[in-house]
There are 2 protein chains.
Amino acid sequence: EDEAYFSSYGHYGIHEEMLKDKVRTESYRDFIYHNPDVFKDKTCKQTYLHKGLGSVFDMQAGNSQTFGRVKCHLLREAIDVTASLSALSVSPAQEVGSIHQSSCPSVLLSVTVSATQGYFLLFESMLDSVLYARDLYLSDSGSVYPDLCNISLAALGDRERHQDRIAFWEDVYGFDMACMKTAVVAEAVVEVVKADTLISEPTVIQTFDCNRVCLSELEFTSDFSLKITNTTECTAIVGYFDIFFDKGCSTKVMFSTGPQVTKTHWKQTVFLLEWPISVHAGEELQGKITVRKNKKDPRSLLVTFDLRDRKLTYSLQ
Amino acid sequence: EDEAYFSSYGHYGIHEEMLKDKVRTESYRDFIYHNPDVFKDKTCKQTYLHKGLGSVFDMQAGNSQTFGRVKCHLLREAIDVTASLSALSVSPAQEVGSIHQSSCPSVLLSVTVSATQGYFLLFESMLDSVLYARDLYLSDSGSVYPDLCNISLAALGDRERHQDRIAFWEDVYGFDMACMKTAVVAEAVVEVVKADTLISEPTVIQTFDCNRVCLSELEFTSDFSLKITNTTECTAIVGYFDIFFDKGCSTKVMFSTGPQVTKTHWKQTVFLLEWPISVHAGEELQGKITVRKNKKDPRSLLVTFDLRDRKLTYSLQ
């Protein structure tokens, strides 16, 4: 419904979209509000969330010694916003700048809360900066939140969408441009997938423990098996991620960016199959996925599927 | 309906979106197919359209001496596409590169067909490059197509959308961020406007004859009057443009990017009013609009409205 406003927002609008992602923002809020033990007696915390909202939640919860870092240099206004919150008696130590630019806190941090997930979790190497901050600023007994992240896959059967994206090129205003198909298919697409086009159970292909994982493990290969629920044609594989606030939490909080639940600003990531695969209800569709950074552009990802003797490589850029 | 696929396409996807804009593409095609006299005995033509489709239409219409320029350097494939169109016996002289980079044709052009309109027509100074090509490459008796462009305004009454964008900041997860409103409002938004939120007749505020207009005239001030059709609150002004293939055409062709007709990839441009204006059916809402380039970023536009003793400036960036 609200997708009817298919908008190109300006600079502020991007942050408005983030704030309006209730699934994400309320999960972060609930984690901070409902887990006082995580923050209790911690001398130093650091919170990343758009417009300093993480710091505001933090202060509201009584955690006054927060280093809020506003990652976007456009948002000097964020400082004014948090400073103007008259209901709060304390000001967070806001800094504008990315983690890479900012000066090191004078003491090591006990808790870091980061909201830096990319499309398909790993796009734009956003998780890299969490590990960077962890290794540089976190004390040995400190914790990163959210601490667990899953990446999942499922099979899609959506003939209509497949036609619209593939068969389209066979008749472009009367001209055959089929030679474009291969190039178009190889680009993974970030879009909202309708839950009724799912034709398998989802399967987790990778779990990261953000307190332990090292940078090289963010590139990986994983075998997977998708339990097919419909006898039909599989036209695409969909990928998404789930986020967990788990370690030492009395009230555990999680959210999913999958097509089965309320959409987030991450939507889902779709890997279209140029040639659909016939599948049968009850069948296990076996495959292997390899996720790696594009050496030519480390922000972008290369995702390769081995599926029924075919090797399919996609870029997410 | 197809907005449900609120996609972030990759590099090819952008061109896919353009090609799928039937309103635009079919208008160009119809102009070329149905106006042989415009092209007859013209020794040199130049056509800009995504994926060289302009050249293909041109060749199909029997105009073999076409210089097709593919403006996007990503699209070397476009050459293969047009070369592979086996139904056509001739190949267009395709060049990859922008008009500014490309070498000058050896003879002056008789006809130039350009598909270079930006949001609100003037965004990204796209019309500038048409005038640049005209002055450099077109013979004195030559013609630019499309030759006429209108920019229009209308009043909108959409309380729900206004609430979603403005009142939102008064309660962001329980916090008052109202100080963000002014910054957010000042950004014009490109989005699809529902026709049933129009509360005035549209009015043309500027017409450009692309064969005559000079660069400085693309910045202008214009008085306007909007005939209000509903007694309600005006929450925004919407802007859009219309395109005409007119000069010497036996079959005139036009298309509109307004909210009353099938949407195009340009959607509409919305200037939100922080404080809605009460209006009455039958009333003439008087105003003045000034459109100028942002000196700090010539691709972006600054649009100022004088409306009921208020001066409101928006950036489109």
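**Figure 1. Salt bridge between A:Asp209 and A:Arg212 in the predicted model**. A:Arg212 counts as exposed at 69% relative accessibility, where exposed means over 50% relative accessible area, buried under 20% and partly exposed in between (1.4 Å probe, protein chains only). Its partner A:Asp209 is partly exposed, with a relative accessible area of 25%, and the two side chains meet in a salt bridge at 3.3 Å, N to O; a salt bridge is a side-chain nitrogen of Lys or Arg within 4 Å of a carboxyl oxygen of Asp or Glu. This is a predicted model, in which local features need pLDDT of at least 70 and side-chain atom pairs count only at pLDDT 80 or more, while totals for chains, interfaces and linings use all residues. Residues are numbered from 1 along each chain as its sequence is written, chains are lettered from A and ligands numbered from 1 in the order in which they are written, and side-chain values use heavy atoms, with hydrogens and water left out.

**Figure 2. Salt bridges of helix H7 in chains A and B**. A:Asp164 in helix H7 of chain A pairs across the chains with B:Lys20, which lies in the loop between helix H1 (11-19) and helix H2 (22-34) of chain B; helices (H or I, at least four residues) and strands (E, at least two) are DSSP runs, numbered from the N terminus. The closest N and O atoms of this salt bridge are 3.5 Å apart; A:Asp164 is partly exposed at 33% relative accessible area, and B:Lys20 is partly exposed at 24%. In chain B, B:Arg161 and B:Asp164 both lie in helix H7 (residues 159-165), three residues apart, about one turn of the helix, and their side chains form a salt bridge of 2.9 Å, N to O. B:Arg161 counts as buried at 6% relative accessibility, whereas B:Asp164 counts as partly exposed at 32%. Salt bridges with shared partners link A:Glu16, A:Lys20, B:Arg161, B:Asp164, B:Arg165 and B:Glu191 into one network.

**Figure 3. Surroundings of A:Asp242 in strand E10 (residues 232-245) of chain A**. A:Asp242 is buried yet has no salt bridge, the nearest side chain of opposite charge being that of A:Arg24, 15 Å away; for this purpose Lys and Arg count as positive and Asp and Glu as negative, with His and the chain ends not counted. Its side chain is joined to that of A:Ser256 by a polar contact of 2.6 Å, that is, a pair of N or O atoms within 3.5 Å, of which, within protein, one must be able to donate a hydrogen and the other to accept it, residues adjacent in sequence counting only if both atoms are side-chain atoms. Beyond four places in sequence, the contacts of A:Asp242 include A:Leu148, A:Cys149 and A:Met254, contact meaning heavy atoms within 4.5 Å.

**Figure 4. The largest nonpolar core, around B:Phe31**. This core has 70 residues, and those with the most contacts inside it are B:Phe31, B:Phe120 and B:Leu122; a nonpolar core is a set of buried Ala, Val, Leu, Ile, Met, Phe, Trp, Tyr and Cys residues joined through side-chain atoms within 4.5 Å. Strand E10 (residues 232-245) of chain B gives the most to this core, with seven residues. Not counting residues up to four places away in sequence, B:Phe31 touches B:Val38, B:Phe39, B:Val113, B:Tyr145, B:Phe245, B:Cys249 and B:Val253.
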